[in-house]
Amino acid sequence: MKNAACNSAVFISRPIWSYINKIREISLKERIISDQEYSNFCEYLESATGIVLGKSKHYLVSSRLNRLMEERELLTYTELLDHLKKTANAGLREQIIDAMTTNETMWFRDIYPYEVLKETILPELSKITDRPIKIWSAACSSGQEPYSISMVVQEFLSRQPSAFPRGIQIVATDISASMLNYSKRAKYDEAAMKRGISEERRRKFFTQTENLWEVSPEIRSRVSFKSLNLQQSYSSLGKFDLIFCRNVLIYFSADFKTDILERMGAITNPGGYLYLGSSESPTRYTSIFKMVRAPGGVIYQYAPS
Ligand SMILES: C[S@@+](CC[C@H](N)C(=O)[O-])C[C@H]1O[C@@H](n2cnc3c(N)ncnc32)[C@H](O)[C@@H]1O
């Protein structure tokens, strides 16, 4: 009887054991993230970048981090977070930031900001002749935004060559190291070029090398790239006449949006302007920027009361 029970236990345990192994294999491969690990990871990401993931984006985290964890032979998210805490592991932190930021962008995104820039803002700024004009592209991703601004400046200068005698400087920043490297390289493939570059601008502002299109030196020369996390101080950047902070505030908490907008106000020259993404507005977060309707679209002017 004892033996029979024993045999049947062995008989039952084999399929269960192989089932357990299968589940383990799958969970290691897909690195299932538990609710507790997800909540710890969200806390880490918000403290490192300001990005708020919200509830139940478990899949987003595992799909974006799976490859990185495989490369680093990390089996669980607890292990990943321990690694980040224990070692001052700048490389791992950088990789996580690269993986978790959304870098969607395109040339002349939404068109109207660049029309308003050309028709309203640059004519106004061209009256300033005693100092350089400064523009900040505050989350520049792969560079299309600051280079688009520079192309509009070039077009304005071809109409009015004596404008901006002290020059225009465009400072482009992002938190993602890989995006900054990509931006500095200034070479784009056909898929990127198809997103917003007209044939005329392609001819005027790019040269083709094999299957890549390189931004011309005159467009690049006005743009400088720097690594900057929007959580850090902006004071080393100097003062700006125009700030592009487009399609990035959407990832942050209300408090962080207020903090960013007020610190951007503090480094905006009197009467300077702010551009946000087409679905973003400063009004719920601060009163220091007033909405201005320009032909073609809406911009915000720094006007503290
Ligand atoms: C969706 S892209 C927007 C790019 C561009 N401004 C546009 O509108 O096309 C958002 C960018 O914000 C950057 N980003 C996210 N969090 C950031 C932070 N805390 N500091 C600086 N940049 C950040 C990302 O790396 C990403 O390149």
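In this predicted model, the side chain of Q144 makes a polar contact with the side chain of S142, at a distance of 2.8 Å. Q144 itself sits in helix α7, which covers residues 144–159. Is Q144 buried or exposed? With a relative accessible area of just 5%, Q144 falls under the 20% cut-off, so it counts as buried. It also has company from elsewhere in the chain: setting aside neighbours within four places in sequence, Q144 is in contact with T105, M106, W107, Y188 and A192.

Helix α7 is also part of a bigger pattern, and the place to pick that up is strand β1. This strand takes in residues 133–137, and 5 of its 5 residues are buried, so β1 is largely enclosed by the rest of the structure. The side chains split between two directions: I133, I135 and S137 point one way, while K134 and W136 point the other way, and all are buried. From β1, the chain crosses through α7 to β2, making a β-α-β crossover that is right-handed.

Which strands does β1 pair with? One is β2 (residues 168–174), which runs parallel to β1 and is joined to it over 5 bridges. Another is β7 (residues 240–245), again in the parallel sense, this time over 3 bridges. S137 is a handy residue to follow here, with A172 as its bridge partner in β2 and F244 as its bridge partner in β7.

Helix α2 gives a nice look at a helix with two sides. It spans residues 35–49, so to speak a run of 15 residues, and reaches 21 Å from its first C-alpha to its last, close to the 21 Å expected at 1.5 Å a residue. Its buried residues are E37, Y38, F41, C42, Y44, L45, A48 and T49. Looking down the axis of α2, these buried residues fall within an arc of 165°, which means they line one face of the helix. Over on the other side of α2, D35, Q36, E43 and S47 are exposed.

What do the buried residues of α2 pack against? Their partners are the helices α3 (58–71), α4 (77–86), α5 (90–100) and α12 (254–266). Just after α2 comes G50, which takes a positive phi of about 90°.

Note on methods:
Residues numbered from 1 in each chain as written. Predicted model: local features only at pLDDT ≥ 70, side-chain atom pairs only at ≥ 80, totals over all residues. Heavy atoms only, no water. Helix = DSSP H or I, 4+ residues; strand = E, 2+ residues; numbered from the N terminus. Buried < 20%, exposed > 50% of the residue type's maximum accessible area, 1.4 Å probe, protein only. Polar contact = N/O pair within 3.5 Å; in protein donor to acceptor, adjacent residues only side chain to side chain. Contact = heavy atoms within 4.5 Å. Pairing = 2+ DSSP bridges. Right-handed = clockwise from strand over helix to strand, strands pointing away. Expected span 1.5 Å × (residues − 1). Arc of directions from axis to C-beta.
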